[in-house]
Each structure stands twice: as C-alpha cells, then as structure tokens.
Amino acid sequence: MATLAVDFTLPLRSFALELALDVGRTVALVGPSGAGKTSALRAIAGLVRPAGGRIALDGDVWFDASARLCRPPDERRVGLVFQSYALFPHMTVRENIAYAGKERADELLERFRISHLAQARPRVLSGGEQQRVALARALARNPGVLLLDEPLSALDAHTKAEVRAELVELLRDFALPALLVTHDYEDAAALADEVGVLVDGKLRQLATPQELVARPSDPFVASFTGANVLRGRVVGREDGLSRVRLTTGEEVVSTDELGGDVVVVVYPWEISVGRSHADDSALNVIRGAVQSVVTVGNRARVTIGSLTAEITGLSAAKLELEPGVAAYASFKATGTRLIQR
Amino acid sequence: MRGLLAFLFYAAIASAFAFLALPIVAIFVHVSPGTLLHQLSSPIVTDALVVTLKTSVAAQIAILIFGTPTAYFLATRRFPGRALLVTLVELPFVLPPAVAGIGLLVAFGKLGLLGGTFSWLGINVAFNTTAVVFAVMLVASPLYVRQAIAAFEAIDGDLVAASRTLGAGPVRTFFRVALPLASGGLAAGEALCIARGIGEFGATIMFAGSLKGRTQTLTLAVYQEFDSNFDTALAISALLVLVSVVILFALKMSALWQPSPSTSRSRFARLRSS
C-alpha cells in the first residue's frame, strides 16, 4: 500500500496549522471544532495552498514549496468526502458517480448497494444513502488516498452505528491509505489504526487508540479521549505508591512515580460504583453525591462529585442511582495515571 | 375610528392597484381591438418589429457571451480592484440612458475616440443597426451581469471544490457544475435584460437615431407615431405590454427552475409536501 507523506504549514485565521504525518493505513485526526482538521484535508486535496512544506503520495509529489510546485486538485489522486457530502443536486446518483469515473460507476453502485437509487436525485436520499453515494463517487476516480471529513457527524445516532461498521469494512476492503477527521474520539478509535489529536493547529499526540488511552501525552489528550482529568499535588510516596491530594480535598494513590503538581487521569470504565464502601482491592475510594446519571445505550455514565464512571445500565438500576443519593466511586491505583503539570 | 382606519387602509390599496392597472387597461380600450390589430400590419410596425428582433437577438447573444464569463470571474475571484470592476459593470444601470448614448457617440462615433480606428477599418457604427445593438448592450447588460454574479456567488463552494477533487478541471467544472446550478438565476437575469433591451429608448435615439427600417425599434416607433398616427402608437404599445407580460411570467417560472445549490430538499419538494 502507498504512503501519503504530509508535512506542511498552513496559516489560518488565529493560528498556523502544522501537520507532519505519514498516512499508510487509516489515520484519524481528532480535535475540537476549529482545530484546523478540515483545513488539513483541504490542503492535502489541493483546495488551499500551504505556506510551506511538502505533500507526496509515494514518489508522486503534489506540493513542494521549495520547488514551487502546487498541483491543482484534479491532478492529485485524492478522493475527498465532504462533511455535507457535496453531491451535485442537478445530477442523478448515477451521474454523480459517473462524473468522477464512468468505468467503475456500475461496480460501485453495486458495491454500495445503491443500484436501486441510480436514477434518484440526491435530495430525496436519506443521510446514510447520501454518504454512500459520496463515498462511491470519491472512489470512482480510483484515488490513491481517501480523505473523509467528519464522515459520521451528519448522521443520526441509529444510522451512525450502522454506517460506522460499514466504513470499517470499506476501509479494510479498499486497502487505501485514508485520513479522516472527526471531533468524536470514539469514532476515531473505531475507524482508525492511528489517531492524532489536533488542537489549535498542532498535533499533540499521534498514536494507536490503545496507546492514547494508556499514555496520553497531556491532560487535553486525556480529557479528549474521554478520561477524567483531576488536578492535584503529590504529597508523598509509600510502598511504591504516589499519594496525591486532589484540589477537591480527597486523596488518591497511583502506581505512577511523579512528584509536584500533577494531573490525575482515570478512565470512566475503570471506576466501579457502590452505595456502600466496597471492601476490595481498589485503594482509591471517593465518596460523594450522585450528580447525574446519563444512559448511553446499555451503559450509564454516573457522575459522583467530579468523577464520571461508566457502568452497565443494569448496575445503575440495581443500585438505584439517582441525583442526590450518596455513592462511592472506587478505582485501582494501577488504573490511576499521573501526568506532570 | 377603527372603522375609518380600516376604510382608509383598503382605500389606499385599491387606489394603488387602480393606479397601476389603469394605464395598461387604457391602452387596450382607447380604440377597438379591431383597430389595434389592423394597425399592427402597418409597414411602420413590421419594420420596427424586424429591427427590434434583429438588434435584440444580436445584443442578447453578445451580452451572454461576454457577460457570463465576466460574471463568473467577478463572482469567484477576490482581488484588489474587484469592487471597482463590479461598479463599472453596474454603472450603466444607474446612468441616464441619454448620457449612455452621448458616451457611445463620443467613443465609437465618427469623431469619437475609436471613430478613427473604426472608419479606417471600414466600420461605421453610429446611426445604423450596430449602433442599436451597442446601445442595448450598454444599457441592458447590468441587469443580466448583476444577476449572474449573484447566481454564481450563491453556488455552494463545496460543490465546485468537489468537482475539482473528482478530477474535473476548471473548464469542465464551469460547464457541468457552475453553469447548470446558476441557470435559474441566469435565466431570470436574462429575462429582465431582454425586457430592458426592448424598452431601450434614450441611448438608442442619441447614438443610432430613429431611421425607419434601420434603427427604428418598436419603442422609437411609438414615439414617432405619437405625433402622426396615434392609433399606431397605441397598437405598438399594446404589443409591448403583451411582450412585457410574457417576460415577467417567464421570470416567475425561471425562479422555479432554479435548482437548489445544496443537497437539501428543494423548493419543489417543499411545495409538493405543503
């Protein structure tokens, strides 16, 4: 498989986007809105011109500032799927796909199971169908790299899960280097082999999803990947454990060896919840009032004090958790990560 | 008190409609329809009709050929001096037509700026059919170009970008994406432009004169016949009213032709569902 080598700077309104990464398989860029994610895709596709750097797909150079080379989008083998899909409203589904390449139109209509929609206009399609047309159209050009802008954001929750599974399959089948951007860490983790966290135009960390969760490089990365991020100060070391006093007053211990001001990172799924003090191996127990119980599918996110735990919906019901009741959040010292502040 | 206000409110509306409708109605009822029809076969009318048709078609083709790329350029590029160029395009719209006519005369006339060049090339512009075409082009073009700029600007930039990333160059993108998407707006602008061109009077009479069979358009014929044969003037006026109605109607239809620039549900779909 080819590799898209990207290394450029692009001045944006309030900061400069600096991006350097190699896209071999599927890479996701995650970050808050306005982090420069879409601009990154547009620069690679040739829709905006970076100030400096180089973009190349293997030996095929698309942009090279030092050589004053900037190929137009139609001379770059990219398939860009826009967030809004950007289907041509005056063309049928088939015409949309054939616009990019007549030869593969039928095959792709078949592959995406949209042959029955070939004569339909985009405006009558559902969000999921529009996305399939957009993907088929992007692939009809035989791109060397696939760029996906927020591929799941325009879909409702039900369609989203289905389309996410389809996308995983598609990215595997077509075996193209793909770069996708999303504001949703879970989507990124589900779709990509590698995830880059982009904040204010800078790539904070680029790693596998597992690595990001296990070893976030800074509090922002940790919070963005869904972790609880608490502030505190190491007040002592005993038996190989760091004792941290949180700004909220409680004390927790961690197996990480750090000193001074730290950020404590705990993932919601590593926290168990009880109505009484559990007598188990978890060294960290925080007592507090339940702030909220949010059900997500078959899971419930329970916030106790400033900590969010993720437990099954069944457990939440069994414990009769509701805002106001007292509960204990317990988690192991080994699941309590410290980041220097 | 409330009753009186309501009365005044509706009286104002009725007066407004009456004021607008009366001149139109009067043209058709001043003499019998038979007389109107009979007058239309007079050679003055047929000559003027031929001149109007010929010059309108020529002027509109020129406006489309030169105006469309100009509008696309102004709609899609941002550069210093753009506002100045847009103003230049719009200027004839607010310029008194008689001034436009004088301007044409001193630019392209025998003694004008380019007059020497033109006569050396054997071209004589003033006071012939070409002069009428020039006058119509200058005075009517802003109506098309302004609307065309707006139509091109309204196109979702992502659609143009998508076209490029799908392998289409700028030319294919223009003809397959930009032009079809702007077509409704372009048609609306062109309809207004045709109407303005047919009604052109001031610049034409200054620059082209009112020579029967050569430069005398229907509008100029109304003015000339006004003194000599009032019924003919009325007949031509009636004809022009009908033409205007047809153009206005076409304009309303073209608003419906306009394809939605986004992929969201179109106006048509909403109309059907409501």
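**Figure 1. Overall helical architecture of chain B in the predicted model.** From the N terminus on, the elements of chain B run α-α-α-α-α-α-α-α-α-α-α-α-α. In total, chain B holds 13 helices and zero strands. The C-alpha trace of chain B spans about 75 × 65 × 35 Å along its principal axes. Of the 274 residues in chain B, 37% are buried. Among contacts in chain B with a separation of 6 or more, 77% are between residues 24 or more positions apart.

**Figure 2. Confidence of the prediction in chain B and its residues 260-274.** The mean pLDDT of chain B is 88, and 92% of its residues reach 70 or more. Over residues 260-274 of chain B, by contrast, the pLDDT is below 50. This stretch nevertheless has 23 contacts in the model beyond near neighbours in sequence. Where pLDDT is low, predicted coordinates should not be read in detail. For the model, the scores are ipTM 0.76 and pTM 0.77.

**Figure 3. Packing of helices α3 and α7 in chain B.** Helix α3 of chain B covers residues 43-76, and helix α7 of chain B covers residues 129-153. The two helices pack at an angle of about 35 degrees, and their axes are 7 Å apart. The crossing of α3(B) and α7(B) is right-handed. Sorted by class, the residues in the contact of α3(B) with α7(B) are 19 nonpolar, eight polar and two charged.

**Figure 4. An open, five-stranded antiparallel sheet in chain A.** The strand order in this sheet of chain A is β14-β13-β12-β15-β21. Strands β14 (251-254) and β21 (336-340) of chain A stand at the edges; each has a single partner strand, so one side of each is left without a neighbour in the sheet. From one strand to the next, the twist averages 45 degrees. Within the sheet, strand β12 (residues 228-238) and strand β15 (residues 261-266) of chain A pair in the antiparallel sense over six bridges.

**Figure 5. Surroundings of A:Arg231 in strand β12 of chain A.** A:Arg231 stands opposite A:Val263 in β15(A). Leaving aside neighbours within four places in sequence, A:Arg231 is in contact with A:Leu246, A:Thr247 and A:Val263. A:Arg231 has 15 other C-beta atoms within 10 Å and is therefore partly exposed. A:Pro219 lies twelve residues from A:Arg231 along the chain, and the C-alpha atoms of these two residues are separated by 9.6 Å.

**Figure 6. Positive phi at A:Asp239, in the loop between β12 and β13 of chain A.** Although A:Asp239 is not a glycine, its phi is positive, at about 55 degrees. The loop that holds A:Asp239 leads to strand β13 (241-246) of chain A from strand β12. A:Asp239 is exposed because 7 other C-beta atoms lie within 10 Å, where 12 or fewer is the cut-off for an exposed residue.

**Figure 7. Positive phi at A:Arg68, in the loop between β5 and β6 of chain A.** The phi of A:Arg68 is near 55 degrees, a positive value in a residue other than glycine. The flanking strands of chain A are β5 (60-64) and β6 (69-70). With 6 other C-beta atoms within 10 Å, A:Arg68 is exposed.

Note on methods: Residues are numbered from 1 along each chain as its sequence is written. Chains are lettered from A and ligands numbered from 1 in the order in which they are written. This is a predicted model: local features need pLDDT of at least 70, side-chain atom pairs count only at pLDDT 80 or more; totals for chains, interfaces and linings use all residues. Axes are lines fitted to C-alpha atoms, for helices over the stretch in contact, and angles run from 0 to 180 degrees between N-to-C directions. Helices (H or I, at least four residues) and strands (E, at least two) are DSSP runs, numbered from the N terminus. A crossing is left-handed if the near helix is turned anticlockwise from the far one by less than a right angle, and right-handed if clockwise. Ala, Val, Leu, Ile, Met, Phe, Trp, Tyr, Cys and Pro count as nonpolar, Asp, Glu, Lys and Arg as charged, and the others, Gly among them, as polar. pLDDT is the predictor's confidence in each residue, from 0 to 100. Two residues are in contact if their C-beta atoms, placed from the backbone, lie within 7 Å. A residue is buried if 20 or more other C-beta atoms lie within 10 Å of its own, exposed if 12 or fewer, and partly exposed in between; C-beta atoms are placed from the backbone. Two strands pair if DSSP finds at least two bridges between them.
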